[in-house]
Amino acid sequence: MKGIRTRLIVYFGLILLLIVLVLEGLFYWAVHTYYFGTATEALVTRSTTYTNFINKYATGYRLKDKARYILENASNEEYAKIEVLDVSGKVILNSYGFQTGEIIDTPDVSDALRGLTGIHVGKSPQTRERVIAVSTPLTFQGEYAGVLRYTISAEPLYHAVNQIALYGAGVGAGVVFFAFALSLIIAKRIVDPIEDLTKAAIQMAKGNYSARAAKRYDDEVGTLAETFNYMAAEIGKNEKLKNDFISSVSHELRTPLTSIKGWGETLISGGLEEPEETMLGLEVISKETDRLIGIVEELLDFSKFQSGEMKLSLERMDLREVLDDVHLQFAIRSQEKQVALQLEIPPAPLAIMGDFNRLKQVFVNLLDNAFKFTPRDGTITVTATESGGRLMISVGDTGEGIDADDLPHITGKFYKGRSKQSGSGLGLAICKEIVELHRGRLYVNSTLGEGTTITVELPAAKAINITTKG
């Protein structure tokens, strides 16, 4: 199969060759027309001028007398052959002084006998030489009595025209050769980036997702290279996401399963004789089971977001109800961990079009993280305000904070940063997705060793006009 390089060269060469041939043909025609036209025009001018002079000032001369008069007064520098013919086309006298008796029946003679100026370009019957002949009528007493015929050789003209055509052909061949070399360069500039793309694609097919195609030129192929590199980067990210997913899920599932299995085997074997110890084991199993359920739910939510199947059940609601519900849910945990939980909400309703359960999921996750990273005697504050048609809900804590290097990536999928706390790394990513489905935004501000504040910004009901996603 021929490559693009070969096809480009062949097609470009054929098109250029055709153009050169057409131009060469037009050039040859133009030169031929110019040379022969000029020679014919000069011959016609001399012939008609002389014939008009003879017909006007030698009116009383018969044809033979006119013939002798013409030859006697012909210039010594006359290069054309002059012939005088009678009405039958017979040569009665020529410029050499001979009466050949030759019959000439070329079209120019016939035209002259009809009173026209006849022109003939062809071969001489006797010498087979290419000639140009011009014939004009001679009159006697108002009647056409004969023909005055001027003839010159066309061989020098053909030689000159052919010589110029050969020069033109040489120039055309040089142009074709130059264009052929140029087509090689152009084909190389087009094909080489494509070959780079092909090599990079082969590397990717073998699993090397770090392969990149070089962008050589700022054109369509360069744009294709950029798109290819973007695709390779995205595939690499997805591959890393998959590996992180497997690693994170394996680790997160192993810990609670190990605890459940250990306590379960102990209960089955009857090793727990004390009721308090048995209840402790059952509590551990229950908590670890809830933890497993939470991880599975996060994975299901993540799967829905990835596939675009997450749907919202929107209704007009008061966001304060969500915050009160979440505050009540974490009240016991606040007492057990000895962390102060403060809720600061305005007395006026915080109207919003939203999904109650999904918004509750967001704030439960944010408070869960806050409790997870806030030490005893710390403080967690939930505040809500409305301004300019936007609701601002902040969850701030006095916990360990987030490292500055981790902060830009903290809402990424499976990103857990330098913290040793357990988790799938999906919580904040899912919160961000839910908030964005509500046409809102999620901000994270944190100072290492001082605490973290996560702010959720949502449009108020009177300023919202959204549709469900899914």
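In the predicted model, helices α1 and α2 cross in a right-handed sense. Helix α2 comprises residues 63-72, and its axis lies 11 Å from that of α1, the two packing at an angle of about 130°. Angles over 145 degrees count as roughly antiparallel and those from 65 to 115 as roughly perpendicular; the arrangement of α1 relative to α2 is therefore oblique.

A second packing arrangement involves helix α1 (residues 4-57) and helix α4 (residues 155-205), whose axes come within 8 Å and cross at roughly 160°. This angle makes α1 roughly antiparallel to α4, because the class applies to angles over 145 degrees. The crossing of α1 past α4 is right-handed. Classified by residue type, the contact of α1 with α4 contains 29 nonpolar residues, together with 5 polar and 5 charged residues.

Helices α1 and α4 also both contribute to a nonpolar patch on the surface, each supplying at least two of its residues. The patch is formed by I4, L8, F12, F178, L182, I185, I186 and I190. Taken together, these residues have about 660 Å² of accessible area. The most is given by α4, with 5 residues; I190, a member of the patch, is placed in helix α4.

Helix α1 thus takes part in two right-handed crossings, one with α2 and one with α4. The relation of α1 to α2 is oblique, whereas that of α1 to α4 is roughly antiparallel.

Definitions and conventions:
Residues are numbered from 1 along each chain as its sequence is written. This is a predicted model: local features need pLDDT of at least 70, side-chain atom pairs count only at pLDDT 80 or more; totals for chains, interfaces and linings use all residues. Side-chain values use heavy atoms; hydrogens and water are left out. Axes are lines fitted to C-alpha atoms, for helices over the stretch in contact, and angles run from 0 to 180 degrees between N-to-C directions. Helices (H or I, at least four residues) and strands (E, at least two) are DSSP runs, numbered from the N terminus. Angles under 35 degrees count as roughly parallel, over 145 as roughly antiparallel, 65 to 115 as roughly perpendicular and the rest as oblique. A crossing is left-handed if the near helix is turned anticlockwise from the far one by less than a right angle, and right-handed if clockwise. Ala, Val, Leu, Ile, Met, Phe, Trp, Tyr, Cys and Pro count as nonpolar, Asp, Glu, Lys and Arg as charged, and the others, Gly among them, as polar. Patches are made of residues with over 30% relative accessible area and no salt bridge: like charges are joined within 9 Å, nonpolar side chains (Val, Leu, Ile, Met, Phe, Trp, Tyr) within 5 Å. Accessible areas come from the Shrake-Rupley method with a 1.4 Å probe; for residues, only the protein chains shown count as cover. A salt bridge is a side-chain nitrogen of Lys or Arg within 4 Å of a carboxyl oxygen of Asp or Glu.
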